[in-house]
Amino acid sequence: MPRALVVGSPIDHSLSPTLHEAGYRAAGLDDWSYARAEVVADEVRAFVARLDDDVVGLSLTMPCKEAALAVADEASALAGDVGAANTLVRRDGGWFADNTDVHGVVEALRAAGCAGGRGAVVIGSGATARSVVAALSRLGVREVTFVVRAQARPETLALAGSLGMSTRVVREDDEDAAWAVGMALLVVQTSPAGGADALAARVVDAPSLRVGAAGGPFVLDVVYADWPTAFARTMSARGATVVSGLDMLVHQAAAQFELFTGHAAPIADMMEAGRAAVK
(Lines give C-alpha, C1' and ligand atoms only; values in the text may rest on other atoms or scores of the structure.)
Protein backbone atom coordinates (compact mmCIF):
# COMPACT_ATOMS: atom_id res chain seq x y z
CA MET A 1 0.00 0.00 0.00
CA PRO A 2 1.60 3.30 -1.06
CA ARG A 3 1.84 5.87 1.69
CA ALA A 4 2.61 9.57 1.98
CA LEU A 5 3.31 11.69 5.05
CA VAL A 6 3.33 15.32 6.10
CA VAL A 7 6.38 16.16 8.19
CA GLY A 8 6.99 19.13 10.48
CA SER A 9 6.70 20.51 14.00
CA PRO A 10 4.14 21.18 15.35
CA ILE A 11 2.14 18.90 13.08
CA ASP A 12 -1.13 17.99 14.82
CA HIS A 13 -2.95 20.95 13.23
CA SER A 14 -1.97 20.06 9.65
CA LEU A 15 -4.84 19.79 7.17
CA SER A 16 -2.71 17.93 4.63
CA PRO A 17 -4.09 14.48 5.56
CA THR A 18 -7.63 15.79 5.12
CA LEU A 19 -6.84 17.20 1.67
CA HIS A 20 -4.84 14.28 0.31
CA GLU A 21 -7.21 11.63 1.64
CA ALA A 22 -10.15 13.47 0.07
CA GLY A 23 -8.20 13.39 -3.18
CA TYR A 24 -7.55 9.66 -2.85
CA ARG A 25 -11.25 8.95 -2.30
CA ALA A 26 -12.36 11.11 -5.22
CA ALA A 27 -9.75 9.56 -7.55
CA GLY A 28 -10.57 6.00 -6.49
CA LEU A 29 -7.10 5.43 -4.99
CA ASP A 30 -8.44 3.31 -2.15
CA ASP A 31 -5.11 1.65 -1.39
CA TRP A 32 -3.34 4.97 -0.68
CA SER A 33 -2.93 6.42 2.81
CA TYR A 34 -1.57 9.67 4.26
CA ALA A 35 -0.48 10.49 7.83
CA ARG A 36 1.34 13.03 10.00
CA ALA A 37 4.85 12.74 11.50
CA GLU A 38 6.29 15.07 14.14
CA VAL A 39 9.83 15.89 12.95
CA VAL A 40 12.07 18.90 13.61
CA ALA A 41 14.59 20.22 11.09
CA ASP A 42 17.63 18.50 12.63
CA GLU A 43 15.89 15.12 12.43
CA VAL A 44 14.82 15.22 8.77
CA ARG A 45 17.85 13.38 7.35
CA ALA A 46 17.64 10.52 9.84
CA PHE A 47 13.85 10.32 9.50
CA VAL A 48 14.02 10.04 5.71
CA ALA A 49 16.74 7.39 5.93
CA ARG A 50 14.49 5.20 8.13
CA LEU A 51 11.44 5.29 5.85
CA ASP A 52 10.11 2.05 4.39
CA ASP A 53 9.89 1.67 0.62
CA ASP A 54 6.11 2.01 0.67
CA VAL A 55 6.46 5.71 1.58
CA VAL A 56 6.48 7.34 -1.84
CA GLY A 57 6.11 11.00 -0.92
CA LEU A 58 6.59 13.55 1.83
CA SER A 59 4.96 16.92 2.31
CA LEU A 60 7.24 19.21 4.31
CA THR A 61 6.00 22.03 6.48
CA MET A 62 7.83 24.33 8.90
CA PRO A 63 10.55 24.04 10.05
CA CYS A 64 11.67 21.30 7.64
CA LYS A 65 11.57 22.87 4.17
CA GLU A 66 15.22 23.89 3.98
CA ALA A 67 16.38 20.63 5.55
CA ALA A 68 14.35 18.64 3.02
CA LEU A 69 16.23 20.27 0.15
CA ALA A 70 19.53 19.37 1.79
CA VAL A 71 18.72 15.65 2.04
CA ALA A 72 17.38 15.27 -1.52
CA ASP A 73 19.36 13.37 -4.14
CA GLU A 74 17.96 15.61 -6.88
CA ALA A 75 15.96 18.83 -6.91
CA SER A 76 13.91 20.87 -9.33
CA ALA A 77 15.40 24.15 -10.50
CA LEU A 78 12.61 25.97 -8.68
CA ALA A 79 13.32 24.32 -5.33
CA GLY A 80 17.01 25.09 -5.79
CA ASP A 81 16.34 28.73 -6.61
CA VAL A 82 13.98 29.18 -3.65
CA GLY A 83 16.29 27.26 -1.31
CA ALA A 84 13.41 25.30 0.18
CA ALA A 85 11.40 22.19 -0.68
CA ASN A 86 7.93 21.38 0.57
CA THR A 87 7.85 18.12 -1.39
CA LEU A 88 9.99 14.97 -1.54
CA VAL A 89 9.09 12.28 -4.07
CA ARG A 90 10.71 8.84 -4.07
CA ARG A 91 12.24 7.96 -7.44
CA ASP A 92 14.44 5.09 -8.60
CA GLY A 93 17.57 7.08 -7.94
CA GLY A 94 16.52 8.41 -4.52
CA TRP A 95 14.52 11.41 -3.33
CA PHE A 96 13.50 14.24 -5.65
CA ALA A 97 12.81 17.64 -4.04
CA ASP A 98 10.33 20.11 -5.43
CA ASN A 99 8.48 23.24 -4.34
CA THR A 100 4.73 23.38 -4.93
CA ASP A 101 4.21 26.36 -2.61
CA VAL A 102 4.99 28.67 -5.52
CA HIS A 103 2.23 27.07 -7.57
CA GLY A 104 -0.10 27.34 -4.59
CA VAL A 105 0.43 31.08 -4.20
CA VAL A 106 0.01 31.78 -7.92
CA GLU A 107 -3.19 29.75 -8.25
CA ALA A 108 -4.74 31.08 -5.02
CA LEU A 109 -4.25 34.68 -6.16
CA ARG A 110 -5.42 34.02 -9.70
CA ALA A 111 -8.55 32.27 -8.45
CA ALA A 112 -9.36 35.44 -6.44
CA GLY A 113 -9.05 37.55 -9.57
CA CYS A 114 -5.57 38.92 -8.90
CA ALA A 115 -3.54 39.36 -12.08
CA GLY A 116 -0.44 40.60 -10.29
CA GLY A 117 0.84 44.13 -10.79
CA ARG A 118 4.11 45.99 -10.63
CA GLY A 119 4.57 46.12 -6.85
CA ALA A 120 3.75 44.11 -3.74
CA VAL A 121 4.36 44.01 -0.01
CA VAL A 122 5.57 40.79 1.63
CA ILE A 123 5.36 40.49 5.41
CA GLY A 124 8.21 38.26 6.57
CA SER A 125 11.33 37.02 4.75
CA GLY A 126 11.74 33.33 5.60
CA ALA A 127 11.39 30.19 3.48
CA THR A 128 7.70 30.81 2.80
CA ALA A 129 8.46 34.38 1.76
CA ARG A 130 10.96 33.08 -0.81
CA SER A 131 8.27 30.89 -2.36
CA VAL A 132 6.02 33.96 -2.40
CA VAL A 133 8.71 36.02 -4.14
CA ALA A 134 9.05 33.38 -6.86
CA ALA A 135 5.27 33.32 -7.25
CA LEU A 136 5.04 37.11 -7.45
CA SER A 137 7.69 37.10 -10.16
CA ARG A 138 5.49 34.75 -12.20
CA LEU A 139 2.66 37.25 -11.76
CA GLY A 140 4.77 40.07 -13.16
CA VAL A 141 5.67 41.83 -9.90
CA ARG A 142 8.93 43.77 -10.17
CA GLU A 143 9.04 45.75 -6.91
CA VAL A 144 8.79 44.17 -3.46
CA THR A 145 8.72 45.83 -0.06
CA PHE A 146 9.56 43.44 2.78
CA VAL A 147 8.09 44.24 6.18
CA VAL A 148 10.18 42.43 8.81
CA ARG A 149 10.68 42.47 12.57
CA ALA A 150 14.43 42.93 12.47
CA GLN A 151 16.41 42.23 9.28
CA ALA A 152 15.38 40.63 6.03
CA ARG A 153 17.08 37.32 5.32
CA PRO A 154 19.89 37.86 2.79
CA GLU A 155 18.96 34.78 0.76
CA THR A 156 15.42 36.14 0.28
CA LEU A 157 16.71 39.49 -0.95
CA ALA A 158 19.19 37.67 -3.20
CA LEU A 159 16.40 35.60 -4.76
CA ALA A 160 14.35 38.71 -5.47
CA GLY A 161 17.38 40.35 -7.06
CA SER A 162 18.09 37.31 -9.22
CA LEU A 163 14.50 37.50 -10.50
CA GLY A 164 14.98 41.11 -11.56
CA MET A 165 13.05 42.63 -8.67
CA SER A 166 13.93 45.80 -6.85
CA THR A 167 13.57 45.51 -3.08
CA ARG A 168 12.97 47.71 -0.08
CA VAL A 169 13.06 46.63 3.58
CA VAL A 170 10.94 48.25 6.29
CA ARG A 171 10.99 47.26 9.95
CA GLU A 172 7.59 46.31 11.28
CA ASP A 173 7.80 48.85 14.10
CA ASP A 174 8.58 51.72 11.72
CA GLU A 175 5.83 54.14 10.84
CA ASP A 176 6.41 53.33 7.16
CA ALA A 177 5.32 49.71 7.68
CA ALA A 178 1.64 50.48 8.26
CA TRP A 179 1.76 53.01 5.44
CA ALA A 180 3.29 50.49 3.00
CA VAL A 181 0.71 47.82 3.83
CA GLY A 182 -2.15 50.30 3.77
CA MET A 183 -1.27 51.63 0.33
CA ALA A 184 -0.30 48.38 -1.37
CA LEU A 185 -2.41 46.80 -4.10
CA LEU A 186 -1.03 43.35 -3.28
CA VAL A 187 0.05 42.13 0.15
CA VAL A 188 1.16 38.63 1.15
CA GLN A 189 1.42 37.85 4.85
CA THR A 190 3.88 34.97 5.49
CA SER A 191 4.31 35.12 9.29
CA PRO A 192 2.91 32.33 11.52
CA ALA A 193 -0.51 32.69 13.13
CA GLY A 194 -0.66 35.89 15.18
CA GLY A 195 2.58 37.19 13.71
CA ALA A 196 0.95 40.16 12.01
CA ASP A 197 -1.63 41.04 14.67
CA ALA A 198 0.33 44.02 16.03
CA LEU A 199 0.87 45.35 12.53
CA ALA A 200 -2.84 44.94 11.78
CA ALA A 201 -3.71 47.20 14.70
CA ARG A 202 -1.52 49.93 13.23
CA VAL A 203 -2.78 49.50 9.66
CA VAL A 204 -6.20 50.61 10.92
CA ASP A 205 -4.80 54.12 11.24
CA ALA A 206 -2.83 53.99 7.97
CA PRO A 207 -3.97 55.66 4.72
CA SER A 208 -6.97 54.17 2.96
CA LEU A 209 -6.34 51.30 0.60
CA ARG A 210 -6.02 52.25 -3.03
CA VAL A 211 -8.03 50.59 -5.76
CA GLY A 212 -6.02 49.50 -8.78
CA ALA A 213 -7.01 48.97 -12.38
CA ALA A 214 -7.07 45.20 -11.78
CA GLY A 215 -9.65 45.59 -9.00
CA GLY A 216 -7.25 45.30 -6.06
CA PRO A 217 -6.12 45.53 -3.42
CA PHE A 218 -5.59 41.81 -2.80
CA VAL A 219 -4.29 40.27 0.42
CA LEU A 220 -3.12 36.68 0.85
CA ASP A 221 -2.60 35.56 4.45
CA VAL A 222 -0.86 32.15 4.39
CA VAL A 223 -2.42 31.23 7.76
CA TYR A 224 -5.51 29.00 7.57
CA ALA A 225 -6.05 27.90 11.18
CA ASP A 226 -8.34 30.01 13.41
CA TRP A 227 -9.49 31.91 10.36
CA PRO A 228 -9.95 34.77 9.89
CA THR A 229 -6.81 36.15 11.50
CA ALA A 230 -6.79 39.63 13.00
CA PHE A 231 -4.77 40.76 10.01
CA ALA A 232 -7.30 39.27 7.56
CA ARG A 233 -10.21 40.88 9.41
CA THR A 234 -8.52 44.27 9.39
CA MET A 235 -7.69 44.18 5.70
CA SER A 236 -11.13 42.89 4.73
CA ALA A 237 -12.81 45.67 6.72
CA ARG A 238 -10.71 48.18 4.82
CA GLY A 239 -11.96 46.91 1.46
CA ALA A 240 -9.33 44.38 0.37
CA THR A 241 -10.11 41.06 -1.29
CA VAL A 242 -8.64 38.67 1.28
CA VAL A 243 -7.47 35.18 0.32
CA SER A 244 -7.07 32.53 3.00
CA GLY A 245 -4.01 30.36 3.33
CA LEU A 246 -6.37 27.43 2.79
CA ASP A 247 -6.61 28.28 -0.91
CA MET A 248 -2.82 28.26 -1.21
CA LEU A 249 -2.65 25.02 0.80
CA VAL A 250 -5.15 23.21 -1.43
CA HIS A 251 -3.45 24.23 -4.67
CA GLN A 252 0.01 23.25 -3.44
CA ALA A 253 -1.41 19.96 -2.12
CA ALA A 254 -3.03 19.28 -5.50
CA ALA A 255 0.34 19.67 -7.19
CA GLN A 256 1.88 17.29 -4.63
CA PHE A 257 -0.96 14.81 -5.19
CA GLU A 258 -0.07 14.64 -8.88
CA LEU A 259 3.64 14.23 -8.15
CA PHE A 260 2.97 11.42 -5.65
CA THR A 261 0.28 9.49 -7.51
CA GLY A 262 0.65 10.33 -11.20
CA HIS A 263 -3.08 11.10 -11.31
CA ALA A 264 -4.83 14.42 -11.95
CA ALA A 265 -5.79 16.03 -8.67
CA PRO A 266 -9.52 16.38 -7.89
CA ILE A 267 -9.08 19.96 -6.72
CA ALA A 268 -12.77 20.68 -6.13
CA ASP A 269 -13.08 17.69 -3.79
CA MET A 270 -9.90 18.66 -1.94
CA MET A 271 -11.09 22.25 -1.56
CA GLU A 272 -14.48 21.13 -0.27
CA ALA A 273 -12.82 18.88 2.32
CA GLY A 274 -10.51 21.66 3.44
CA ARG A 275 -13.31 24.20 3.84
CA ALA A 276 -15.40 21.72 5.81
CA ALA A 277 -12.46 21.05 8.12
CA VAL A 278 -11.72 24.69 8.91
CA LYS A 279 -15.39 25.38 9.63
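**Exercises on salt bridges and a helix**

E172 is buried, with a relative accessible area of 12% (buried is under 20%, exposed over 50%, partly exposed in between; 1.4 Å probe, protein chains only). The model is predicted: local features need pLDDT of at least 70, side-chain atom pairs count only at pLDDT 80 or more, and totals for chains, interfaces and linings use all residues. Residues are numbered from 1 along each chain as its sequence is written, and side-chain values use heavy atoms, with hydrogens and water left out.

**Exercise 1.** Find the salt bridge between R149 and E172 and place both residues in the chain.

Step 1. A salt bridge requires a side-chain nitrogen of Lys or Arg within 4 Å of a carboxyl oxygen of Asp or Glu. For R149 and E172 the N to O distance is 3.9 Å.
Step 2. R149 sits in the loop between β8 and α7, and E172 in the loop between β9 (166–171) and α8, 23 residues apart. Helices (H or I, at least four residues) and strands (E, at least two) are DSSP runs, numbered from the N terminus.
Step 3. R149 is exposed, at 59% relative accessible area.

**Exercise 2.** Which helices does the salt bridge of R130 and E155 tie together?

Step 1. The closest N and O atoms of R130 and E155 are 3.9 Å apart.
Step 2. R130 lies in α6 and E155 in α7, so the pair joins parts 25 residues apart in sequence.
Step 3. R130 is buried at 2%, whereas E155 is partly exposed at 34%.
Step 4. Both belong to a salt-bridge network with E66 and R153.
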